[in-house]
Amino acid sequence: MSVWRSIPPSALEALAQGLAGDRIALPVTAAILERYVGRECAPAVAKELATLAAASFTPAQISVLLRAVSLHRTHDAHAELVWSGPEGIQASSRDTGIVVPELFASAKRSVLVCGYAISQGQKVFARLAQNMDVNADLDVRIFTNVQRPWQDTRSDAEIIREFGERFRSREWPGRRMPRVLYDPRALAPGGGPRSCLHAKCVIVDDERALVTSANFTEAAMDRNIEAGVLINDGGFACRLRAQFDALERAQEVRVLPLAS
C-alpha cells in the first residue's frame, strides 16, 4: 500500500468522503479517481482499491482505513525552516549550506535538482557527485536555466554546447554525469519577452523536498540571505516531482547534450 504515501492527507480525506458518501462506487476506474488523487496516482489507487474490495472490504470500511492513514500522514508531515544569512541570525532555522549537502548524501534512489543559476558547482555538488559515483542506481536530474546572453546572435546549438562544456569541466566534480535539462524558451532571439526556468528546489527519493529561494551557488549556500522550507512528506515530494515529469513528457524541457 505504498501508493498511499504519495497522496496528500487532504486528498486521502476527499477519497474517504467519496467512498463513505456513495459518490465513488466500486469497482472504480482510474479516470474517475483522477479528480481525487491526480493523474499520476490514479492507476495505482484504482488497483489498490480493487485489491481491498477483493478482500471483502466494503466502501465504508475502506473509508475508515483511508481516514486512519490520512491522520497518521498528517502527524508525520513536518516542515522545517532553512535559511542562509549572517551568522547568529539563525536561532530557529538550519543553514542552507548544511541541509543541501545532507540531502545529496542521504539519497538512495533519486535526486531532482532545479535551479536558475549554477556556480561553484565543484563545491555545491560535491556530496551529490560522490553519492552518484558510489551508487550506480542513483538517478539524478538537474533542471537549470540556459539563456541567450543580451544581444548574442549565436545559434542555440552554440550556446547550448558552450554551457554543456562549462558544466562538465567546471561545475560537475564527479565521474558519472547527471541528466541536465533546460527550457528552450530562454534561448529565444530578439528583444521580445522571454521565459526562464526560475524554480529552485531539491527532491530526494520522493520523500523529502526543499523549496528555496537559493540558487546552487556558493554564495547562496553560505552568504546570501535566502529562505526555504524542507518538507518531509512523501505526498508533497511526489506531487512536486510529477510537475517536472510532466514538463519532460510534454517536451517543454530538453536534455542538454554534455560534451565528452
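This report describes the overall make-up of a predicted protein model, then two helix pairs and several single residues.

Local features of this predicted model need pLDDT of at least 70 and side-chain atom pairs count only at pLDDT 80 or more, while totals for chains, interfaces and linings use all residues. Residues are numbered from 1 along each chain as its sequence is written, and side-chain values use heavy atoms, with hydrogens and water left out.

## Overall make-up

The secondary structure consists of ten helices and nine strands. Helices (H or I, at least four residues) and strands (E, at least two) are DSSP runs, numbered from the N terminus. Along the principal axes, the C-alpha atoms fill a box of roughly 65 × 45 × 40 Å. The protein has 260 residues, of which 45% count as buried. Buried means under 20% relative accessible area, exposed means over 50%, and partly exposed lies in between (1.4 Å probe, protein chains only). A contact is a pair of heavy atoms within 4.5 Å. Among contacts with a separation of 6 or more, 73% are between residues 24 or more positions apart.

## Two helix pairs

Two packed helices are described by the angle between their axes and the distance between the axes. Here, axes are lines fitted to C-alpha atoms, for helices over the stretch in contact, and angles run from 0 to 180 degrees between N-to-C directions.

Helix H2 (residues 30-37) and helix H3 (residues 42-54) have axes that come within 8 Å and cross at roughly 110°. The two helices are therefore roughly perpendicular to each other. Angles of 65 to 115 degrees count as roughly perpendicular, under 35 as roughly parallel, over 145 as roughly antiparallel and the rest as oblique. From H2, the residues Ala 30, Leu 33, Glu 34 and Val 37 meet Ala 42, Pro 43, Val 45, Ala 46 and Leu 49 of H3. By class, this contact of H2 with H3 has eight nonpolar, no polar and one charged residues. Ala, Val, Leu, Ile, Met, Phe, Trp, Tyr, Cys and Pro count as nonpolar, Asp, Glu, Lys and Arg as charged, and the others, Gly among them, as polar.

The axes of helix H5 (residues 96-106) and helix H7 (residues 126-134) also come within 8 Å, and they cross at roughly 5°. H5 and H7 are therefore roughly parallel to each other. Pro 101, Phe 104, Ala 105 and Ser 106 of H5 make the contact with Arg 127, Leu 128 and Asn 131 of H7. Its classes are four nonpolar, two polar and one charged residues.

The buried residues of H5 are Thr 96, Gly 97, Val 99, Val 100, Pro 101, Leu 103 and Phe 104. At the N-terminal end of H5, Asp 95 acts as a cap, with a side-chain oxygen 2.8 Å from the backbone nitrogen of Gly 97.

## Buried residues and their contacts

Arg 208 is placed in strand S7 (residues 208-212) and counts as buried at 18% relative accessibility. Its side chain makes a polar contact with the side chain of Ser 106 at 2.9 Å. A polar contact is a pair of N or O atoms within 3.5 Å; within protein, one must be able to donate a hydrogen and the other to accept it, and residues adjacent in sequence count only if both atoms are side-chain atoms. Not counting residues up to four places away in sequence, Arg 208 touches several others, among them Leu 103, Val 202, Leu 230 and Ala 237.

Thr 144 belongs to strand S4 (residues 139-144) and is buried, with a relative accessible area of 1%. The side chain of Thr 144 reaches the backbone oxygen of Gly 115 at 3.0 Å. Beyond its neighbours within four places in sequence, its contacts include Tyr 116, Phe 163, Tyr 182 and Leu 197.

Val 124 lies in helix H6 (residues 121-124) and is buried at 7% relative accessibility. Its contacts outside four places in sequence include Phe 104, Phe 216 and Met 221.

## Loop residues

The table lists three loop residues with their relative accessibility.

| Residue | Loop | Relative accessibility |
|---|---|---|
| Ser 56 | between H3 and helix H4 (59-76) | 60%, exposed |
| Pro 86 | between strand S1 (78-84) and strand S2 (94-95) | 45%, partly exposed |
| Gln 120 | between strand S3 (110-115) and H6 | 40%, partly exposed |

Ser 56 has a phi near 75°, a positive value in a residue other than glycine. Gln 120 is not a glycine either, and its phi is positive at about 55°. In the loop between helix H1 (9-20) and H2 lies Pro 27, which is joined to Leu 26 by a cis peptide bond with omega about -5°.
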